[in-house]
Amino acid sequence: MTITNETAQIPVRLDFDDAAPGFSRAMARLDQAATAELDRAQIDPRLRELVRIRASQLNGCAYCIDMHTKDARAIGETEQRLYGLAAWPETPYFTARERAALAFTEAVTRLADTHVPDQAYSDVAAEFSGQEIAALVSLIVAINAWNAISVSTRAWVPGSYQP
């Protein structure tokens, strides 16, 4: 087996921003609206990034994982928690509030399979107010939409994001 320093080239399938500029702008506005709801509900910015990263991990969105791990580190998230996020239920690094948000993120992201079980909703409702849950749903919907665009079109190259 030969090991080289070459990296794989993942070709862009479609320049989505160019092909659907109106929708791309609408997605940006949707993301801004979700962020406004998070601000209004005073959701910790580090938790926001954990939710974005976890949904992106589940959806296999390399660009969004790259982007949001950079953003998380920039606001003080630890490497240990970022590395442990993929196995969060098995780590001691997350609070009960964060665990509820991550479990809810997984249930909403896997909507077709889970239909968001009552237990996932009860757990998030035990830690978050109605306004906060609505803000989390807004965030989860927005990141899942970005992931769907990115994974299907490979519109953005992982590693190209600069915070």
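Start by selecting Arg-40 and Glu-37 in this predicted model. Their side chains form a salt bridge, with 3.0 Å from N to O. Both residues belong to helix 2, which covers residues 21-40. They sit three residues apart, about one turn of the helix. Colour the two by accessibility: Arg-40 has a relative accessible area of 54% and is exposed, because that value is over 50%. Glu-37, at 27% relative accessibility, counts as partly exposed.

Next, select Glu-49 and Arg-52. Here the closest N and O atoms of the salt bridge are 2.7 Å apart. This pair lies in helix 3 (residues 45-59), and the spacing is three residues, about one turn of the helix. Are these two residues buried or exposed? Both Glu-49 and Arg-52 are buried.

Now go to Arg-97 and Glu-132. A salt bridge connects them, its closest N and O atoms 2.9 Å apart. This pair links distant parts of the chain: Arg-97 is in helix 6 (residues 96-109) and Glu-132 is in helix 9 (residues 130-153), 35 residues apart. Arg-97 counts as partly exposed at 26% relative accessibility. Glu-132 has 14% relative accessibility and counts as buried, because the value is under 20%.

For a network, select Arg-54, Glu-106 and Arg-110 together. Salt bridges that share partners join these three residues into one network. To see the full set, display every salt bridge in the model; the count comes to eleven.

Keep helix 9 on screen and add helix 8, residues 118-127. How do the axes of helix 8 and helix 9 cross? They come within 8 Å and cross at roughly 125 degrees. The two helices are therefore oblique to each other, since an angle between 115 and 145 degrees falls outside the perpendicular and antiparallel ranges. The crossing of helix 8 and helix 9 is right-handed.

Finally, show the side chains where these helices meet. On helix 8, select Tyr-121, Val-124, Ala-125 and Glu-127. On helix 9, the residues they meet are Glu-132, Ile-133 and Leu-136. By class, this contact of helix 8 with helix 9 has five nonpolar residues, two charged residues and no polar ones. Glu-132 is one of the contact residues on helix 9, and it is also the salt-bridge partner of Arg-97.

Technical notes. Residues are numbered from 1 along each chain as its sequence is written. This is a predicted model: local features need pLDDT of at least 70, side-chain atom pairs count only at pLDDT 80 or more; totals for chains, interfaces and linings use all residues. Side-chain values use heavy atoms; hydrogens and water are left out. A salt bridge is a side-chain nitrogen of Lys or Arg within 4 Å of a carboxyl oxygen of Asp or Glu. Helices (H or I, at least four residues) and strands (E, at least two) are DSSP runs, numbered from the N terminus. Buried means under 20% relative accessible area, exposed over 50%, partly exposed in between (1.4 Å probe, protein chains only). Axes are lines fitted to C-alpha atoms, for helices over the stretch in contact, and angles run from 0 to 180 degrees between N-to-C directions. Angles under 35 degrees count as roughly parallel, over 145 as roughly antiparallel, 65 to 115 as roughly perpendicular and the rest as oblique. A crossing is left-handed if the near helix is turned anticlockwise from the far one by less than a right angle, and right-handed if clockwise. Contact means heavy atoms within 4.5 Å. Ala, Val, Leu, Ile, Met, Phe, Trp, Tyr, Cys and Pro count as nonpolar, Asp, Glu, Lys and Arg as charged, and the others, Gly among them, as polar.
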